[in-house]
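Dear colleague,

Please find below the sequence and structure that I am handing over to you. My findings follow directly after them.

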Amino acid sequence: MSPELLLINLANYSWQLVALIAIGIAMPIVFRMREPRSHLLYLQLLLLAALLLPALQPWTQPIQMTRGVSHFTPPMNAAGAVAGTVWWIWQEYVLTLMAAGAGARLLWIALGLWRLSSYRENAQPIQLAGIAEARIATLTHAQVSQSNAVSSPVTFGYLRPVVLLPASIAGLSAEAQFAVVAHELLHVRRGDWLFALAEELIVTALWWHPAIWFLVARIRLIREQVIDRAVIQLTASPQPYVQALLTLAGSLPQPSLAPSFLRRRNLASRIQNLLTEVTMSRTRLIATYSLITALATATAWLSIATFPLQAAPQFDQGNSGVTGAEVVLRKSPVYPSLAKRKGIEGSVVVEATIAENGSVSDARVISGPLELRRAALEAVLQWQFKNGPTAQVTLNFSLLKDGGLPPKGKLAAIKITDGSPAVIDTLKARLAHLEGQPLNPIEISEIVRAVAPSLGISFNTDVATNDVTLTIGNPSESFAKSDGMRLRVGANVQQAKLVSKTVPGYPPLAKQARIQGTVRFNALIGPDGHVKNLRLESGHPLLIESAMVAVQQWVYQPTLLNGNPVEVVTSIDVEFTLNN
């Protein structure tokens, strides 16, 4: 998924979360749902639904009318070209910032876990009469110790849970001590530390979204209310427990990785909940939460329809290269890595048999390089057609030609000879800031590869002015069309067919100036193996003429397709190296 599409989806997902969480939290308040256990379960399911929202909804997959583009670009007109350029510059910074924020929070979690471990190691045994009673009452056993590093009770650990009590616990009454220890042991019994850790990881992944923070904070408050209610059921009166809450209200905040006995901002809500009678029948609970869930679901689907997530688009190249049927949907082939390494390019012709529903029921390769055939078949088998029982498809595979010694000089002009209007507008916007500047082939290559990896780039230098013209287009269309078959062949493959090679002479001025490097041409080889045309792509001006004179005399073994010689378009590199 491209950075543009990722940011668009993150923005849409953010609005979906806002709508879902807002209605999900507000509805229980509106209907006065005060029973903590059912409320906690509901909020946890709400958080789970928020996380699964991308997987629970259909992703739109638009069809882009382009030629060989495999990178999503948002629509852009001339008036938005400047804004599009700024967006392209800043989008990577935005994604980097989001990743850095998540990384910082992961580091914070690691430091928190280390701090909790040190608390455990430095804790001291404590003897309280209420500890044994609380263990019996809660049917839970865990290590209970005293720590001078904490100012209110803290519980953490799953396999070896520990409860750390502050020194101030000794100043509470026996009933209050029992209530405090029972509170912490109930956290252990429920395994709340795992929930707290999972919530921290969720907040880390979505740290940039305030609705997630709010929902997690709400879950933690309701969880404490659930424990509060359970503690009151174990004590004869709520007064000792309320006394403990008020006594420890001035304590410092504790690590959020451990369920804390008290967060001061929640004190009023917890005491009010303790003193409020909650009488709701199971029937009313089920009916009300069913209604709330229906409202939340409707809100979620409305937000999905308003802010849909988008999958990487399928790119329909029109009917160019397809005969016998109309293409409804096509998938661009994946360029085989082995073919890339070998520099193999060319066209693969596939005959497809079309089923009644428009899918491809069978396909076979008629012609094309062996290394590219499987990729072509895998792509065509995923196409959709109409208006025909069979179709013949021609898939072009071509590599960017951005190697060799780049030319020097100023980028004076940019010509884009191929691509859809959206691709052309995007390329113009992203390359605009480079026009008139010293040539930067690496940056140009990265921009073109990101927007349209199937398009080739070439540089033409005016020797007199040292101005460079950048041309972007389909490499297979570098020369005028011919009536016969023409293949694009990789430089390495064509080099192996060279039968007669004239070695270029080293230009005296270049030798005197100690100039060396590579001159690259885009060449059209005729059916007879002779060089029909050359187009300069890169190279030092002092080396170009000698290289061109030599290459025009080269002869290759004819390239055959189904036994017939065909024209070949290829790249030719001429190396100039000085002996020390």
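I begin with a residue close to the start of the list I compiled: R32 is exposed, since its relative accessible area is 58%. R32 lies in the loop between α1 (3-30) and α2. Although R32 is not a glycine, its phi is positive, at about 55 degrees. Please bear in mind throughout that this is a predicted model.

A second residue invites the same kind of description. L139, which is likewise not a glycine, has a positive phi near 55 degrees. The loop between α4 (129-138) and β3 (143-146) is where L139 is found. With a relative accessibility of 70%, L139 counts as exposed.

As to the protein as a whole, its secondary structure comes to 17 helices and 22 strands. Of its 580 residues, 49% are buried. If one takes the contacts between residues at least 6 apart in sequence, 74% of them join residues at least 24 apart.

Helix packing around α2

Two packed helices are described by the angle between their axes and the distance between the axes. I have two such pairs to report, and both involve helix α2 (residues 36-56).

The first partner is helix α7 (residues 210-234), whose axis comes within 9 Å of that of α2 and crosses it at roughly 155 degrees. Because of this angle, α2 is roughly antiparallel to α7. The crossing of α2 with α7 is left-handed. On the α2 side, the contact is made by P36, R37, H39, L40, L43, Q44, L46 and L47. On the α7 side, I212, L215, R218, I219, I222, R223, Q225, V226 and R229 take part. Sorted by class, this contact of α2 with α7 contains 10 nonpolar, three polar and four charged residues.

The second partner is helix α10 (residues 282-306): its axis and that of α2 come within 12 Å and cross at roughly 20 degrees. The two helices, α2 and α10, are therefore roughly parallel. Here α2 passes its partner α10 in a right-handed crossing. From α2, the residues in contact are S38, H39, Y42, L53 and L56. From α10, they are L285, Y289, I292, T293, A300, W301 and I304. The contact of α2 with α10 comprises nine nonpolar and three polar residues, and no charged residues. H39 of α2 appears in the contact with α7 and also in the contact with α10.

The two faces of α12

Which residues of helix α12 (residues 370-380) are buried? They are L372, A375, A376, A379 and V380. Viewed down the axis of α12, these buried residues fall within an arc of 130 degrees, so they line one face of the helix. L370 and R374, on the other side of α12, are exposed. As general background, an α-helix has 3.6 residues a turn, so residues three or four places apart point the same way.

A residue in strand β18

Finally, I draw your attention to G517, which is placed in strand β18 (residues 517-525). Is G517 buried or exposed? Its relative accessibility is 15%, and G517 therefore counts as buried. G517 and H540 are 23 residues apart along the chain, and their C-alpha atoms are separated by 7.5 Å.

With kind regards

Terms used:
Residues are numbered from 1 along each chain as its sequence is written. This is a predicted model: local features need pLDDT of at least 70, side-chain atom pairs count only at pLDDT 80 or more; totals for chains, interfaces and linings use all residues. Side-chain values use heavy atoms; hydrogens and water are left out. Axes are lines fitted to C-alpha atoms, for helices over the stretch in contact, and angles run from 0 to 180 degrees between N-to-C directions. Helices (H or I, at least four residues) and strands (E, at least two) are DSSP runs, numbered from the N terminus. Angles under 35 degrees count as roughly parallel, over 145 as roughly antiparallel, 65 to 115 as roughly perpendicular and the rest as oblique. A crossing is left-handed if the near helix is turned anticlockwise from the far one by less than a right angle, and right-handed if clockwise. Contact means heavy atoms within 4.5 Å. Ala, Val, Leu, Ile, Met, Phe, Trp, Tyr, Cys and Pro count as nonpolar, Asp, Glu, Lys and Arg as charged, and the others, Gly among them, as polar. Buried means under 20% relative accessible area, exposed over 50%, partly exposed in between (1.4 Å probe, protein chains only). The arc is that of the directions from the helix axis to the C-beta atoms.
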